[in-house]
Amino acid sequence: MAGYQRWEMTPQQARLLQEELRAGLILAGGPEEDVGLVGGADVSFNRHNNKLYAAVVVLSYPRLEFVEVGTAVMTAAFPYIPGLLAFREGPAFDAAWARLRHRPQVVLFDGHGIAHPRGLGIAAHIGVLYDMPTIGVAKRKLVGRYDPPGPQPGDFTPLEYGGTQIGVALRTKKRAKPVFVSPGHRFGFTEAVDFVLTCCRGYKLPEPTRLAHLEANKLRKQDL
DNA sequence: GCGACAG
DNA sequence: ATCTTGTCGC
């Protein structure tokens, strides 16, 4: 489908498309043995001008040193509706991604993977569209229930929904609320958790997502 | 009708 | 997401 119209639709049509795309998900696998680049994506918003500020950072792996950042600024054309985040931020991600010179083998998203009411959060949605390995790392849960994980970084508990596991509540830092990790595309639960942990450097958020967040905010502030 | 509700 | 500085505590 044409890139400029894969996000153009009504909320009802969007939900139907999610049901379709879900069939293309591959919930197994993990990073290749030779991952040299990892990406992180996030989008900031300015409610006064209704603009979205997307940033996709590329870091070396496993050293996690900054390589480059692709950015994009655009007017929000779709409202924020729980469960349809991809239709709001997807267009901005596409534009920022197109500006990158490098192609990371794995991309972490600020949002959920399959831990979604229809199993297709933004990380899973974009993962299928680009057929690339992705992982969702959200700060809050959208659906499901879980018990608090242990206090040590690396401790985690299952996030369940509809009788099955859809992700994990992962402690990435002491005394910090856990983050919710779920496979996006071409990733299994264990592989996703292990990979996210190798991307953490003492902060609650893994470096890819943490730096993307900083870049997106920087972009928004510069747009003044 | 009442809560829950990624960013 | 954003509105917003300092401050208490580990």
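## Helix H4 and its neighbours

Which strands do the buried residues of helix H4 pack against? In this predicted model, they pack against E1, strand E4 (106-109), strand E5 (134-138), strand E6 (156-161), strand E7 (164-170) and strand E8 (179-185).

Helix H4 itself spans residues 189-198, and its buried residues are Ala192, Val193, Phe195 and Val196. They sit on the same side of H4, because the arc they cover around the axis is only 165°. If you turn the structure to look along this helix, these four names are a good place to begin.

## Around DNA strand B

Now let us turn to the DNA. DNA strand B has 19 residues around it, and the closest are Tyr80, Gly83, Lys139, Arg140 and Lys141. By class, the residues of this surface are eight nonpolar, five polar and six charged. Two elements, strand E1 (37-46) and helix H2 (85-98), each contribute at least two residues to the surface near DNA strand B. On the DNA side, sugar or phosphate accounts for 49% of the strand B atoms within 4 Å of the protein, and bases account for the rest.

Some individual atom pairs help to fill in this picture. The side chain of Tyr80 has an N or O atom 2.5 Å from a phosphate oxygen of DNA strand B. For Lys139, a polar backbone atom lies 2.8 Å from a phosphate oxygen of DNA strand B. Leu84 also uses a polar backbone atom, but its partner is a base nitrogen of DNA strand B, at 3.3 Å.

## Around DNA strand C

Which residues surround DNA strand C? They are Ser44, Phe45, Arg47, Lys139, Arg175, His213, Asn217 and Arg220. One of these is nonpolar, three are polar and four are charged. Of the strand C atoms within 4 Å of the protein, 94% belong to sugar or phosphate, with the rest belonging to bases. Lys139 is a name to remember here, as it is listed both among the closest residues to DNA strand B and among those around DNA strand C.

Three side chains are worth finding in the view. Arg47 places a side-chain N or O atom 2.8 Å from a sugar or linking oxygen of DNA strand C. Asn217 has a polar side-chain atom 2.9 Å from a phosphate oxygen of DNA strand C, and Arg220 likewise has a polar side-chain atom 2.9 Å from a phosphate oxygen of that strand. The elements giving two or more residues to this surface are E1 and helix H5 (207-222). Of these, H5 supplies the largest share, three residues.

## Gln18, a buried polar side chain

Is Gln18, a residue of helix H1 (residues 11-22), buried or exposed? Gln18 counts as buried, because its relative accessibility is 0%. Its side chain is joined to that of Arg118 by a polar contact of 2.6 Å.

Setting aside neighbours within four places in sequence, Gln18 is in contact with Gly83, Leu84, Phe87, His116, Arg118 and Leu120. Two of these names have come up already: Gly83 is among the residues closest to DNA strand B, and Leu84 has a polar backbone atom 3.3 Å from a base nitrogen of that strand.

## Salt bridges

How many salt bridges does the structure hold? There are seven, and a few of them make a nice short tour. Start with Glu207 and Arg210, whose side chains meet at 2.9 Å, N to O. These two residues are three apart in helix H5, so about one helical turn separates them. Both Glu207 and Arg210 are buried.

The salt bridge between Arg186 and Asp131 is 2.8 Å, N to O. This pair links distant parts of the chain, 55 residues apart: Arg186 is in the loop between E8 and H4, while Asp131 is in the loop between helix H3 (122-130) and E5. Arg186 is partly exposed, with a relative accessible area of 29%, and Asp131 is also partly exposed, at 42% relative accessibility.

Last comes the salt bridge of Arg63 with Glu65, where the closest N and O atoms are 3.5 Å apart. Arg63 counts as exposed, at 60% relative accessibility, whereas Glu65 counts as partly exposed, at 42%.

Methods. Residues are numbered from 1 along each chain as its sequence is written. Chains are lettered from A and ligands numbered from 1 in the order in which they are written. This is a predicted model: local features need pLDDT of at least 70, side-chain atom pairs count only at pLDDT 80 or more; totals for chains, interfaces and linings use all residues. Side-chain values use heavy atoms; hydrogens and water are left out. A residue is near a molecule or strand if one of its heavy atoms lies within 4 Å of it. A polar contact is a pair of N or O atoms within 3.5 Å; within protein, one must be able to donate a hydrogen and the other to accept it, and residues adjacent in sequence count only if both atoms are side-chain atoms. Ala, Val, Leu, Ile, Met, Phe, Trp, Tyr, Cys and Pro count as nonpolar, Asp, Glu, Lys and Arg as charged, and the others, Gly among them, as polar. Buried means under 20% relative accessible area, exposed over 50%, partly exposed in between (1.4 Å probe, protein chains only). The arc is that of the directions from the helix axis to the C-beta atoms. Contact means heavy atoms within 4.5 Å. A salt bridge is a side-chain nitrogen of Lys or Arg within 4 Å of a carboxyl oxygen of Asp or Glu.
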